[in-house]
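Okay, everyone, let's get going. I'll put the structure up, and then we'll walk through charge pairs, packing and a bit of surface.

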Amino acid sequence: MLVLSIILSLGFVFLSIILIHYVSVSKQNETKDNNSSLSGSMGWPFIGETISFFKPHRSDSIGTFLQQRVSRYGKVFMSNLCGGKAIVSCDQELNMFILQNEGKLFTSDYPKAMHDILGEYSLLLATGEIHRKLKNVIISFINLTKSKPEFLLCAENLSISMLESWKNCREIEFHKEVKMFTMSVMVNQLLSIKPEDPARRYVLQDFLTYMKGFVSLPVPLPGTAYTNAIKARKRLSTRVMGMIKQREHEEQEMKKGLREEDFLDVIMSNEDLNYEEKVSIVLDILLGGFETSATLLSLVVYFLAKSPNDLQKLKEEHESIRAKKGDEELLNWEDYQKMEFTQRVMSEALRCGNIVKTVHRKATHDIKFKEYVIPKGWKVFPIFTAVHLDPSLHENPYEFNPMRWTDKGKMNKKTTAFGGGVRVCPGGELGKLQIAFFLHHLVLSYRWKIKSDEMPIAHPYVEFKRGMLLEIDPTT
């Protein structure tokens with residue numbers, strides 16, 4: 001009984017401390033900061049407002065958390081997120097200032113759990129000279145690949161093959177299917193893994209496990225999403241490292257000429273990279289190329305299903321391109337450049353669907369921007385979704401309207417779908433290229449419907465409520 005009494009007493013004291021702290025923090029932060037004109041609330045002790053901030057919501061909305069706080073505190077407010085005091089910005093000008101001053105006034109600041117999962121040399125986490133070196137290698141891959149006829153051929157043949165496999169299907173889980181398509185394209189170009197190779201499916205499964213770990217609680221126990229993600233990353237690393245070692249052996253045995261060169265060969269020839277950096281570059285390209293492209297393709301199909309007039313315009317554009325080619329003639333770079341409305345559709349799907357909600361930054365100096373003061377050491381979250389759906393920047397922002405992209409230069413200044421500054425995503429054009437080729441054959445081959453309750457959900461990465469389950473019907 002004595003032990004139980006002591007435990008209960010300690011529990012009561014601990015609870016009292018938490019409540020007192022919570023009340024004091026709430027009172028303190030419900031008032032404006034005299035130096036910065038910022039207000040906000042810090043939420044619960046220790047965890048702050050992190051759970052509410054990352055709570056899943058429709059990706060074509062800003063979510064309840066931001067709606068409530070923007071309404072109460074304005075577009076820029078204080079909070080407590082990911083273990084520290086934070087500034088949350090839904091303001092376009094401040095967001096651009098943050099992105100453009102990466103490495104000067106702000107630095108990347110992702111949670112430790114993401115470091116554990118992604119590894120030390122991930123482009124997302126690296127800073128300074130290491131980031132510059134890794135990014136240059138990835139940019140060289142993008143530039144080399146998009147100009148290769150082999151890449152165009154691979155993307156189109158895999159598109160045709162997947163669409164033909166649906167001929168006897170009434171329903172397909174579209175998001176799952178196109179993940180396999182984009183993964184197949186990327187592993188083929190990077191690692192020469194062919195569609196029939198069982199390794200393709202194993203790589204995809206590990207990447208799906210890898211993704212789930214990003215937004216999980218960092219609980220280092222067997223069976224948790226966090227632990228599974230770390231294990232999946234290790235398996236992927238081991239697979240890529242094994243391929244590097246095998247190719248080094250082939251070079252020694254003078255057998256390299258027996259296969260076609262791919263980008264892994266290019267990475268291996270870079271003497272400035274150590275083994276860990278080479279592996280990390282491969283995983284970064286695979287992750288970005290497969291996940292982002294598959295999600296954008298799914299968003300395009302989702303919004304077109306709700307916009308029959310835009311779907312008809314898209315179909316007419318591709319019918320016009322197809323009419324000038326032979327029956328079995330494949331697409332080329334010149335055909336891609338003619339897909340103007342297709343480009344507008346993809347850009348609008350990025351704006352409405354918001355594949356990336358925010359990025360994690362930290363102030364390295366005390367910073368004053370307009371009337372706002374950001375203290376050194378505070379976390380900073382520029383919210384891309386809020387800018388994309390800001391009615392002061394976009395007329396009827398929740399309406400899917402590709403024609404708003406007629407003035408692309410003007411729209412690019414009001415959107416940050418691929419980030420900005422030194423960390424702007426280098427692979428956007430490559431992803432759009434394979435999506436455009438897939439859409440060409442999809443709109444000419446099928447009609448489709450989505451379930452009435454289907455929607456894109458920010459987790460914070462985008463998934464679909466029903467996996468984008470489509471009812472499909474061949475056009476011929």
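So, before I count anything: when I say salt bridge, I mean a side-chain nitrogen of Lys or Arg within 4 Å of a carboxyl oxygen of Asp or Glu. And keep in mind that what you're looking at is a predicted model. With that definition, how many salt bridges does the structure hold? There are 23.

Let me pick a few. Arg247 pairs with Asp265, and their closest N and O atoms are 3.3 Å apart. Arg247 belongs to helix α10, residues 225-252, and Asp265 to helix α11, residues 263-268, so this salt bridge ties together parts that are 18 residues apart in sequence. Buried or exposed, these two, Arg247 and Asp265? Both are buried.

Now over to the strands. Asp473 and Arg447 form a salt bridge at 2.8 Å, N to O. That one links distant parts of the chain, with Asp473 in strand β13 (residues 469-474) and Arg447 in strand β10 (residues 446-450), 26 residues apart. Asp473 is partly exposed at 38% relative accessibility, and Arg447 is partly exposed too, at 43%.

Strand β13 also carries Glu471, whose partner Lys451 sits in the loop between β10 and β11, 20 residues away in sequence. Here the N to O distance is 3.3 Å, and Glu471 comes out as partly exposed, with a relative accessible area of 36%. There's a little network as well: Asp91, Glu93 and Lys370 are joined by salt bridges that share partners.

Okay, packing. In soluble globular proteins, nonpolar side chains tend to be buried together. Here the largest nonpolar core has 104 residues, and the ones with the most contacts inside it are Trp166, Phe174, Phe207, Leu286, Phe438, Leu442 and Leu470. Which helix gives the largest share of this core? That's α12, residues 275-305, which puts in 17 residues.

If you zoom in on Phe438, leaving out its neighbors up to four places away in sequence, you'll see it touching Ser159, Met162, Leu163, Trp166, Phe174, Val178, Phe181 and Leu297. There's also a second, separate core of 15 residues, with Met42, Val76, Ala363 and Ile374 among them.

Staying with helices for a moment, look at α8, residues 174-191. At 1.5 Å a residue, its 18 residues should span 26 Å, and the end C-alpha atoms are 25 Å apart, so that agrees. Of those 18 residues, 16 are buried. Just after α8, Ser192 takes a positive phi of about 60 degrees.

Next, helix α2, residues 50-53, where we find Ile51. Phe53 is in α2 as well. Phe53 counts as buried, at 0% relative accessibility, whereas Ile51 is exposed at 59%. What does Phe53 touch beyond four places in sequence? Phe65, Leu81, Val88, Lys357, Thr358, Phe381 and Ile383. Ile51, meanwhile, joins Trp44, Phe46 and Ile47 in a nonpolar surface patch of about 490 Å².

Last stop, Ile117 in helix α5, residues 112-118. This residue is buried, with a relative accessible area of 0%. Again skipping anything up to four places away in sequence, the contacts of Ile117 are Tyr210, Gly213, Phe214, Tyr226, Ala229, Ile230 and Arg233.

That's my tour, so over to you.

Notes: Residues are numbered from 1 along each chain as its sequence is written. This is a predicted model: local features need pLDDT of at least 70, side-chain atom pairs count only at pLDDT 80 or more; totals for chains, interfaces and linings use all residues. Side-chain values use heavy atoms; hydrogens and water are left out. A nonpolar core is a set of buried Ala, Val, Leu, Ile, Met, Phe, Trp, Tyr and Cys residues joined through side-chain atoms within 4.5 Å. Buried means under 20% relative accessible area, exposed over 50%, partly exposed in between (1.4 Å probe, protein chains only). Helices (H or I, at least four residues) and strands (E, at least two) are DSSP runs, numbered from the N terminus. Contact means heavy atoms within 4.5 Å. Patches are made of residues with over 30% relative accessible area and no salt bridge: like charges are joined within 9 Å, nonpolar side chains (Val, Leu, Ile, Met, Phe, Trp, Tyr) within 5 Å. Accessible areas come from the Shrake-Rupley method with a 1.4 Å probe; for residues, only the protein chains shown count as cover. The expected span of a helix is 1.5 Å times one less than its number of residues.
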